Amino acid sequence: MHAVPVKSRIGLALSGGATRGLAHIGVLKALDDHHIRPDCISGSSIGAFAAALYAFGVPIKEMRRVGQGMTPLNISKLKLSRYALFSNEELGKLILAEIGKARIEDAKIPLAIMATDIGSGEKIVLRRGEVAPAVMASSATPGIYMPVRIDGRMLMDGGIVEDVPISPLRAMGAENVIAVNLSAERKYIKPNDIIDILFNAFDIAIDENTKVQVRDADVLIEPRLSDFPRMDTSQIDALIAEGYRAAKERIKRIRAVLK
């Protein structure tokens, strides 16, 4: 008798990248079009948002519709405090509108959301609990958005500790990991205000770590996004198209790895 080949488990890691994260929609569409479906998925920051919607079966077309309305004004609520300038509660409401008060452990595709305990510096991988607060925590850029309290911890942007969250997928049994890094060709802009300074400082701090982290990926997808503003959704179709192009370019490599 011939042995039946055992399908290897595929993990998909989605990085942060502010509104450039709309490129994730194109990546997901390309993988779907070529019948490559992850067995588990993880995300940091905007990647956590995309990963959560995909893990709960939200269609690609609906993800595009949601993404089109994700302007900085729509997802930010002024909330001056000793911790931040804004709250990203509106981002949580978008999650609630799509999947309700769903829990991470109930996702159709096993899901991990990366966050940082800003009080201890610990890497926190959220595998249980409500999705909306977890995504808000993972997307809470320091100094910009309010931290989110979960289980007594003050959690913030997952990109601080692992912007392309590969390690949770290995822990979930993924033998092959496809990683999507949206910051590969990042260009830093000359700051015009305090927001620009905060974002630049945050990006510079995580980029060197990311270069090391992505070495653990079996396949790396890196859309060319340096010419897209980080806080502008008006070019959503171009962002999706670039994500699709970058992923399609790696399909042969993905199939080779899976064999």
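1. Confidence. In this predicted model, the protein chain has an average pLDDT of 90, and 92% of the residues score at least 70. The weak part to note is residues 1-6, where the pLDDT is below 50. Apart from near neighbours in sequence, that stretch makes zero contacts in the model. A reader should keep this in mind when looking at the start of the chain.

2. Overall form. The protein chain holds 11 helices and 11 strands. Its radius of gyration is 17 Å, which agrees with the value near 18 Å for a compact globule of 259 residues. The C-alpha trace spans about 70 × 40 × 35 Å along its principal axes.

3. Burial and contacts across the chain. Of the 259 residues, 54% are buried. Among contacts with a separation of 6 or more, 74% are between residues 24 or more positions apart. The chain exposes about 12200 Å², and carbon and sulfur atoms supply 54% of that area.

4. Helix H2. How many residues of helix H2 (residues 46-55) are buried? The count is 10 of the 10, so H2 is largely enclosed by the rest of the structure. The residues in question are Ile46, Gly47, Ala48, Phe49, Ala50, Ala51, Ala52, Leu53, Tyr54 and Ala55. After H2 comes Gly57, which has a positive phi, near 80°.

5. Helix H5. Here the buried residues of the helix, which runs over residues 89-99, are Leu91, Gly92, Ile95 and Ile99. These residues lie on the same side of H5, because the arc they cover around the axis is only 100°. The spacing fits a general rule: an α-helix has 3.6 residues a turn, so residues three or four places apart point the same way. Gly100 follows H5 and has a positive phi, near 65°.

6. Leu31 and the far end of the sequence. Leu31 sits in helix H1 and is buried, at a relative accessible area of 2%. Which residues does Leu31 touch, not counting those up to four places away in sequence? They are Leu12, Ile36, Ile251 and Ile254. Ile251 is 220 residues from Leu31 along the chain, yet their C-alpha atoms are separated by 7.8 Å.

7. Glu162. This residue belongs to helix H7 (residues 159-162). Is Glu162 buried or exposed? Its relative accessible area is 4%, and the cut-off for buried is under 20%, so Glu162 counts as buried. The side chain of Glu162 is joined to that of Lys123 by a polar contact of 2.8 Å. Lys123 also appears in the contact list of Glu162, together with Ser44, Met114, Ser167, Pro168 and Gln213, once neighbours within four places in sequence are left aside.

8. Asp163. In the loop between H7 and helix H8 (167-171) lies Asp163. Asp163 is buried, with 3% relative accessibility. Its side chain reaches the backbone nitrogen of Gly16 at 3.3 Å. Leaving aside neighbours within four places in sequence, Asp163 is in contact with Leu14, Ser15, Gly16, Ser44, Gly158, Ser183, Ile206, Thr210 and Gln213. Ser44 and Gln213 are named for Asp163 and also for Glu162.

9. Positive phi outside glycine: Ala18. Ala18 has a positive phi, near 55°, although the residue is not glycine. Ala18 lies in the loop between strand S1 (10-14) and helix H1 (23-33). With a relative accessibility of 17%, Ala18 counts as buried.

10. Positive phi outside glycine: Asp151. Asp151 is another residue other than glycine whose phi is positive, near 55°. It is located in the loop between strand S8 (148-150) and strand S9 (153-157). What sets the surroundings of the two apart is accessibility: Asp151 is exposed, at 77%, whereas Ala18 is buried, at 17%.

Key. Residues are numbered from 1 along each chain as its sequence is written. Side-chain values use heavy atoms; hydrogens and water are left out. pLDDT is the predictor's confidence in each residue, from 0 to 100. Contact means heavy atoms within 4.5 Å. Buried means under 20% relative accessible area, exposed over 50%, partly exposed in between (1.4 Å probe, protein chains only). Helices (H or I, at least four residues) and strands (E, at least two) are DSSP runs, numbered from the N terminus. The arc is that of the directions from the helix axis to the C-beta atoms. A polar contact is a pair of N or O atoms within 3.5 Å; within protein, one must be able to donate a hydrogen and the other to accept it, and residues adjacent in sequence count only if both atoms are side-chain atoms. The radius of gyration is taken over C-alpha atoms; the globule rule is 2.2 Å times the number of residues to the power 0.38. Accessible areas come from the Shrake-Rupley method with a 1.4 Å probe; for residues, only the protein chains shown count as cover.
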